[in-house]
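Here is a short briefing on strand pairing and helix packing. Please keep the fold in view while reading.

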Amino acid sequence: MQQAPTISVVITTYNRPDALAAVVEACFLQDDKNFEIIIADDGSGANTRECIDRLRERSPVPLKHVWQPDDGFRAAMARNRGTLAATGDYIIFLDGDCIPQRDFIARHRALARPGFLVSGSRILLSPALTEKTLAEHLDLPAMGFADKLRYRLRGDVNKLLQLLLRWPDLGRVHRKFSWRRIKSCNLAVWRADLLRVNGFDESFVGWGHEDSDLVVRLLHAGVRRKDGAFATEVLHLWHREARRDEESSNRKVVEGRVLDKTTQATRGLREHQGAAA
C-alpha cells in the first residue's frame with residue numbers, strides 16, 4: 001500500500017486552549033506517530049501560548065506554533081502560514097475543537113493518493129457532553145460500545161455507525177463535481193497541490209466558504225475528491241456559531257469561481273513567500 005512520505009497536521013485555533021489541549025492530546029495517542037503538528041494560531045492570547053508550551057514539552061512528535069496578530073477572522077491566513085511552516089508532503093487540516101480518533105492519521109495515510117484530496121467528516125457533540133469532556137478530561141476516542149450507544153440515545157452525539165464501522169478505500173471518489181459540505185476542520189491535501197493553486201484565499205472576508213473555495217480551485221486544477229466518511233471522523237466539540245455576516249457574499253464568490261474555472265487564490269501562499277523573500 002502506497003504511503004504519504006511525510007504528514008503534517010495543521011491545527012487552527014483561536015482562544016480556546018482547553019479544546020486545543022484535548023485535540024492535541026488525542027494526536028499524541030495516535031496509532032501512527034509518523035507525523036508533525038503545526039498549531040496555526042489566529043491571534044490567541046497568552047493562555048493559549050502557555051498551553052502550547054506545556055504540550056510541546058511532552059509531545060511525542062514535532063510540534064510547532066505559528067501565531068499571527070488578532071485582526072478578525074483570518075483562518076485562511078493561519079492555514080497558509082501553517083502550511084508554509086510544515087515539512088510534510090501531505091497536509092491534514094484539523095480544527096482546534098475537533099478531537100481525532102486513535103486511527104485518524106493511519107486512516108488518512110491509507111486514503112492518500114496522488115491527484116486526490118480527502119474531505120473528512122465529523123461527529124457533533126452536544127453542549128453537555130462537550131462541557132463534561134473538557135471539565136473531566138474525558139478520553140472520548142477510547143470509549144467503548146456501551147458509552148457510544150448511550151451517548152447516541154441521549155442525543156449527545158449525532159452519529160453512531162461512523163463511530164463503530166470502518167469502510168475500506170472503495171467507492172470513495174466523487175464522480176460528480178461538488179463543493180458542498182466541505183469542511184476544512186478535517187481535510188487532507190497534497191502540499192504540491194496546495195502550491196499549485198496558491199493555497200487558501202485570504203481575500204475572503206469574515207467567516208464562510210474559504211474552504212469550499214479551495215476545493216473548487218483544486219478541482220479545476222485536476223485534483224479529484226475522495227470522501228473520508230467511515231474512516232476519518234473527528235469528534236467536534238460544541239461551540240456557539242461564529243458571526244456569519246459575510247457568508248452570503250463569500251458563497252457568491254465561490255459560485256462565480258465554479259463557473260469561471262478559477263484555479264488561483266487572489267492572495268495566498270505565494271504572497272507570504274514573496275514577503276519573506
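In this predicted model, Thr12 stands opposite Asp95 in strand 4. Strand 1 (residues 7-13) and strand 4 (residues 90-95) run parallel and are joined by 6 bridges. Both strands are also touched by helix 1 (residues 17-28), which packs on the sheet.

**The seven-stranded sheet**
- The sheet is open and has 7 strands, in the order 3-2-1-4-8-6-9.
- Its pairing is mixed.
- The edges are strand 3 (63-67) and strand 9 (224-227), each of which pairs on one side only.
- From one strand to the next, the twist averages 20 degrees.

**Helices on the sheet**
- Helix 1 touches strand 1, strand 2 (35-41), strand 3 and strand 4.
- The direction of helix 1 makes about 170 degrees with that of strand 2.
- Helix 4 (residues 104-111) lies across strand 1, strand 2, strand 4, strand 6 (116-119), strand 8 (186-190) and strand 9.
- Helix 4 runs at about 140 degrees to strand 4.

**Helix 1 against helix 2**
- Two packed helices are described by the angle between their axes and the distance between the axes.
- Here the axes of helix 1 and helix 2 (residues 46-57) come within 10 Å.
- They cross at roughly 20 degrees.
- Angles under 35 degrees count as roughly parallel, so helix 1 and helix 2 are roughly parallel to each other.
- The crossing of helix 1 past helix 2 is right-handed.
- Helix 1 contributes Pro17, Leu20, Ala21, Val24, Glu25 and Phe28 to the contact.
- These residues meet Asn47, Thr48, Cys51, Ile52 and Leu55 in helix 2.
- By class, this contact of helix 1 with helix 2 has 8 nonpolar, 2 polar and 1 charged residues.

**The three-stranded sheet**
- Another open sheet is formed by 3 strands in the order 5-10-7.
- Here too, the pairing is mixed.
- Strand 5 (98-100) and strand 7 (122-124) stand at the edges.
- Each of these edge strands has a single partner strand, so one side of each is left without a neighbour in the sheet.
- The twist averages 30 degrees from one strand to the next.
- Strand 7 and strand 10 (residues 234-236) run parallel, with 3 bridges joining them.
- Leu124 has His236 in strand 10 as its bridge partner.

Methods
Residues are numbered from 1 along each chain as its sequence is written. This is a predicted model: local features need pLDDT of at least 70, side-chain atom pairs count only at pLDDT 80 or more; totals for chains, interfaces and linings use all residues. Side-chain values use heavy atoms; hydrogens and water are left out. Two strands pair if DSSP finds at least two bridges between them. Helices (H or I, at least four residues) and strands (E, at least two) are DSSP runs, numbered from the N terminus. Axes are lines fitted to C-alpha atoms, for helices over the stretch in contact, and angles run from 0 to 180 degrees between N-to-C directions. Contact means heavy atoms within 4.5 Å. Angles under 35 degrees count as roughly parallel, over 145 as roughly antiparallel, 65 to 115 as roughly perpendicular and the rest as oblique. A crossing is left-handed if the near helix is turned anticlockwise from the far one by less than a right angle, and right-handed if clockwise. Ala, Val, Leu, Ile, Met, Phe, Trp, Tyr, Cys and Pro count as nonpolar, Asp, Glu, Lys and Arg as charged, and the others, Gly among them, as polar.
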